[in-house]
Amino acid sequence: MGFSANKDSISDKALKALDVSRTFGRTKALNKVNFEAKWGIKLGIFGPNGAGKSTLLKVLAGISTPNDGKIEIAGMDLKESRARSNRITGYVGHQPMLFQNLTVIENLIFFAKMYGVPNIFTQIESLLDQFKIGDFRNQRVSTLSNGMQKRVTIARSLIHSPSILLLDEPETGLDKNGIEILDQVIDNIANSGSVVLMSTHDLTRGLELSNDVLVINNGDVVFNDSANTITDLRLRELLV
């Protein structure tokens, strides 16, 4: 299974957020957020609960619409090119986004067909093997443990070999073996020239995985730089 960046893109940036704001009633979840993510990097997104991390990832995935500002995906305006952007983007949120009454393989077939994936069963078998979920292929998702559902969810997000992967606390529910598989997948994607954006509450692991770091607090970007320019202690101070 391979990943490749969008070579046809006219932009050397995978993602750009330009003065992006998102409000819910009187609550401002994102306040004029600006950042860029280059191809081939792993961007760690950190922040306390309610900081705006999940909202930002949903906006980048096209699930939530910003009130102001602009999102560029591989040089494309997300608002104007949502369908094209979705074809090169994979997303894992807090909800599995799986059909609970379908089996594991039925779910993967559905999403593969939705994205027009060629060689569907070759791709599915690769993912089943990679995430060690082959033994559960014929089980309904509703019967799986939270950890196994999370593995299927991540496999679902990779079914179309996205160039941009957005992960919102993907380690939640995974056991040690599952986290090791996830970390290897993240490394493989970035090493292929694609990009991974991942929010996590595990600061030490997140810093170790990341090339770049974005810290959000109360909807504001309070740090945006290379991971080697920030210490674990400084990161914790920014989250207070």
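A residue is called buried here when its relative accessible area is under 20%. All views show a predicted model.

**View 1. Helix 6 and its buried residues.** Helix 6 comprises 16 residues, 176-191. From the first C-alpha to the last, helix 6 reaches 23 Å, close to the expected 22 Å. G178, I181, L182, D183, V185, I186, I189 and A190 are its buried residues. In an α-helix, residues three or four places apart point the same way, because there are 3.6 residues a turn. Elements that cover the buried residues of helix 6 include helix 4 (120-130), helix 5 (146-158), helix 7 (203-209) and strand 8 (195-199). Just after helix 6, G193 adopts a positive phi of about 105°.

**View 2. Strand 4 with strands 1 and 5.** Strand 1 (residues 13-24) and strand 4 (residues 68-73) run antiparallel and are joined by 5 bridges. Opposite A17 stands I71 of strand 4. Strand 4 also pairs with strand 5 (residues 76-77) in the antiparallel sense, over 2 bridges; E72 has D77 in strand 5 as its bridge partner. These two strands form a hairpin with 2 residues between them, and A74 in the turn has a positive phi of about 50°.

**View 3. The open sheet of 6 strands.** The strand order is 6-7-8-3-9-10, with mixed pairing. Strand 6 (89-92) and strand 10 (220-226) are the edge strands, each pairing on one side only. Neighbouring strands are turned by 15° against each other on average, direction ignored.

**View 4. Strands 3 and 8, and helices on the sheet.** Strand 3 and strand 8 run parallel, joined by 4 bridges, and I45 has S199 in strand 8 as its bridge partner. Helix 1 (residues 53-61) packs on the sheet, and its direction makes about 150° with that of strand 7. Helix 5 packs on the sheet as well, touching strand 6 and strand 7; the direction of helix 5 makes about 165° with that of strand 6.

Methods: Residues numbered from 1 in each chain as written. Predicted model: local features only at pLDDT ≥ 70, side-chain atom pairs only at ≥ 80, totals over all residues. Heavy atoms only, no water. Expected span 1.5 Å × (residues − 1). Buried < 20%, exposed > 50% of the residue type's maximum accessible area, 1.4 Å probe, protein only. Contact = heavy atoms within 4.5 Å. Pairing = 2+ DSSP bridges. Axes fitted to C-alpha atoms, helices over the stretch in contact; angles between N-to-C directions.
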